[in-house]
Amino acid sequence: MTRLFAPLLVLALLAGCAARPPVDEAPAERGPWADQAAAVEALETWELIARVGLRTPDEATSANLDWRQTPFHYRLLLSGPFGSGRSTLEGREGRVSLTTPEGRFEAESPEALLQEQLGWSLPVSSLDHWVRGLPAAGTHELERDAQGYPRRLRQAGWEIDYRDWTWAQGLWLPRRLVMTYDSLRVTLVVNEWRPEVAR
């Protein structure tokens, strides 16, 4: 019985290995930002799993973030504290909604909706650019490091510090961002980037 079982076990393990996709190993060093700038700008569809920390003069709290972005729709699922349990922010052209344990609400902008229902707000309309290391449309100041990667971005009253980067699907993408606006401080730490990169 043992002689029969051992080869079957080896075959099962080999089959399992064969079914796994190849690991996208990160290069030892980051290449110049210019080498990937066009691909980052073209990136329109992704999912990221992150931890968000929120600090104000009166409190400090955090939540888990599951963010799905496509060219025509976005969904940000916040779970954990933030004073509201589980909240889902969804947007498409001309329509933004927020679903919380208290019900479903709509407003003209995601920022207004968050402020109205949760008492705090994030720059959602610009965040899809900032999270990729890009400025949104409009006036901004951008500082870069020696390789051209964004180091600090100032836009719309916010200051975004890029503290760390991670490798995902052939791109270096921000892993840790610290965003401040007056006395509000938001820290975003990405646990997993899942970009859908056009080949």
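This passage describes salt bridges in a predicted model and the exposure of several residues that form them.

Across the whole structure, a search identifies 15 salt bridges. Several of the residues involved are joined to one another, since a network of salt bridges links Glu-141, Glu-143, Arg-152, Arg-154, Glu-159, Asp-161 and Arg-163.

Within this group, the side chains of Glu-143 and Arg-154 form a salt bridge with an N to O distance of 3.1 Å. The two residues lie 11 residues apart and connect distant parts of the chain, with Glu-143 placed in strand 7 (residues 141-144) and Arg-154 in strand 8 (residues 150-155). Glu-143 has a relative accessible area of 29% and is partly exposed, and Arg-154, with a value of 30%, is likewise partly exposed.

Glu-159 and Arg-152, which also belong to the network, are paired in a salt bridge in which the closest N and O atoms are 3.6 Å apart. The relative accessible area of Glu-159 is 25%, so that this residue counts as partly exposed, and Arg-152 is also assigned to the partly exposed class, at 25% relative accessibility.

A further salt bridge is formed by the side chains of Glu-192 and Arg-194, for which the N to O distance is 3.0 Å. Here Glu-192 is partly exposed, its relative accessible area being 36%, while Arg-194 falls in the partly exposed class at 37% relative accessibility.

Key. Residues are numbered from 1 along each chain as its sequence is written. This is a predicted model: local features need pLDDT of at least 70, side-chain atom pairs count only at pLDDT 80 or more; totals for chains, interfaces and linings use all residues. Side-chain values use heavy atoms; hydrogens and water are left out. A salt bridge is a side-chain nitrogen of Lys or Arg within 4 Å of a carboxyl oxygen of Asp or Glu. Helices (H or I, at least four residues) and strands (E, at least two) are DSSP runs, numbered from the N terminus. Buried means under 20% relative accessible area, exposed over 50%, partly exposed in between (1.4 Å probe, protein chains only).
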